[in-house]
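I opened this structure today and kept notes as I went. Here is what I looked up, in the order I looked.

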Amino acid sequence: MAGSTLEIKDLHVTIEDQEILKGVNLTITGGEFHAVMGPNGTGKSTLAAAIMGHPKYVITKGSILLDGEDVLEMEVDERAKAGLFLAMQYPSEITGVTTSDFLRSSVNAHREEGNEISLMKFIKEMDAAMDYLEMDKNMAQRYLNTGFSGGEKKRNEILQLMMIKPAIGILDEIDSGLDIDALKVVSKGINKLRDESFGCLIITHYQRLLEYITPDKVHVMMQGRVVKSGGPELAQRLEAEGYEWIKEELGIEDEIAGQKA
Ligand SMILES: Nc1ncnc2c1ncn2[C@@H]1O[C@H](COP(=O)(O)OP(=O)(O)OP(=O)(O)O)[C@@H](O)[C@H]1O
Ligand SMILES: [Mg+2]
């Protein structure tokens, strides 16, 4: 299956009357892994939330297209159905819904009515993915993320990713809070999806994750924009030297996105 293309053009986003994103340009195509890095508060999670249609984030200018279709015209569930998936920086706990039921509803939401996955097939696929991610099978019967440790929540996000197989995955700090073994397992899960039908945007602070998941491109966000792009070597330089040199290059003192003028 040929991949999808997500095109973000001159995206401006406001939260509570404060402009956070100030003209983001980014294109991701199936088969490509893009890393987005950048200091705290520069708009990375805001970008992820805006793509998925979080109601708090108001798009004031620019466009988001998925295979030429206007994403901004779609409701949140339509965006998911169109092939967009977000693994959140802070996954929500949902008490009353088991992980297994949630996963099955999510998988079925991506299928046409009348073509729902059979329970047998679902369980087989879920078991296989949980094995792959070295997850305790009991987790499937626990309420979604409720009482899960930080690392368990992140693993659970990748379980969803593997079951839903979206066209474009956006992973917001999927590596935060993971121990070394979990980092390897989660990376393994993401790498398993690497083919022409899957494009991925990986938001991270650390080069360490990118040692396991080699990005095709690395972008740096500052002041609500992508200010620099390069290959994996850019992440290596950031790890070694931090962000100061980019600020000097750009002639800016403060990298934060949401500061009032
Ligand atoms: N709901 C909100 N209300 C007010 N300000 C917000 C809101 N959400 C985000 N902001 C502000 O927008 C700016 C960008 O936040 P965002 O979460 O996108 O940063 P980030 O790049 O993901 O940072 P981090 O690396 O710390 O996760 C921050 O200054 C933040 O305080
Ligand atoms: Mg963030």
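**Entry 1: ground rules.** I first fixed what burial means: a residue is buried if 20 or more other C-beta atoms lie within 10 Å of its own, exposed if 12 or fewer, and partly exposed in between, with C-beta atoms placed from the backbone. This is a predicted model, so I noted that local features need pLDDT of at least 70 and side-chain atom pairs count only at pLDDT 80 or more, while totals for chains, interfaces and linings use all residues. Residues are numbered from 1 along each chain as its sequence is written, and chains are lettered from A and ligands numbered from 1 in the order in which they are written.

**Entry 2: K188.** Is K188 buried or exposed? I found K188 partly exposed, because 15 other C-beta atoms lie within 10 Å. K188 sits in helix α6, residues 180-192; helices (H or I, at least four residues) and strands (E, at least two) are DSSP runs, numbered from the N terminus. From K188 to G41 I count 147 residues in sequence and 29 Å in space, C-alpha to C-alpha.

**Entry 3: the rest of α6.** I checked the length of α6 next. The expected span of a helix is 1.5 Å times one less than its number of residues. For the 13 residues of α6 that gives 18 Å, and the end C-alpha atoms are indeed 18 Å apart. The buried residues here are A182, L183, V185, V186, S187, G189 and I190. Their cover includes α4, α5, β10 (199-203) and α7 (207-212), where contact means C-beta atoms, placed from the backbone, within 7 Å.

**Entry 4: helix α5.** Helix α5 covers residues 150-164, and its 15 residues reach 22 Å from first C-alpha to last, close to the expected 21 Å. Which residues of α5 are buried? I listed K153, K154, R155, N156, E157, I158, L159, Q160, L161 and M162. Among the elements covering them are β6 (84-87), α3 (99-109), α4 (119-132), β9 (168-172) and α6. Just after α5, K165 takes a positive phi of about 45 degrees.

**Entry 5: two more positive phi values.** Most residues other than glycine have a negative phi, so I wrote down the exceptions I met. D10 is not a glycine, yet its phi is positive, about 45 degrees. D10 lies in strand β1, residues 5-15, and is partly exposed because 13 other C-beta atoms lie within 10 Å. Q223 has a positive phi near 50 degrees and belongs to the loop between β11 (217-222) and β12 (225-230). With 23 other C-beta atoms within 10 Å, Q223 is buried.

**Entry 6: L11 and L21.** L11 is also in strand β1, and L11 counts as buried, with 26 C-beta neighbours inside 10 Å. Which residues does L11 contact, leaving aside neighbours within four places in sequence? I found L21, G23, V24, A50, I59, G62 and I64. L21 is in strand β2, residues 18-29, and counts as buried with 30 C-beta neighbours inside 10 Å. Beyond four places in sequence, L21 touches several residues, including L11, H12, V13, T46 and G224. The C-alpha atoms of L21 and T46 are 7.5 Å apart, with their positions 25 residues apart along the chain.

**Entry 7: the ligand.** Then I turned to ligand 1, which 16 residues surround; the closest are N40, K44, S45, T46 and G258. A residue is near a molecule if its C-beta atom, placed from the backbone, lies within 6 Å of it. Helix α1 (residues 44-52) gives the largest share of this shell, three residues.

**Entry 8: the core.** Nonpolar side chains tend to be buried together in soluble globular proteins. A nonpolar core is a set of buried Ala, Val, Leu, Ile, Met, Phe, Trp, Tyr and Cys residues joined through C-beta atoms within 7 Å. The largest one here has 63 residues, and I170, V186 and I202 touch the most other members. Outside its neighbours within four places in sequence, I170 is in contact with A48, I51, F85, L86 and L201.

Note on methods:
Two residues are in contact if their C-beta atoms, placed from the backbone, lie within 7 Å.
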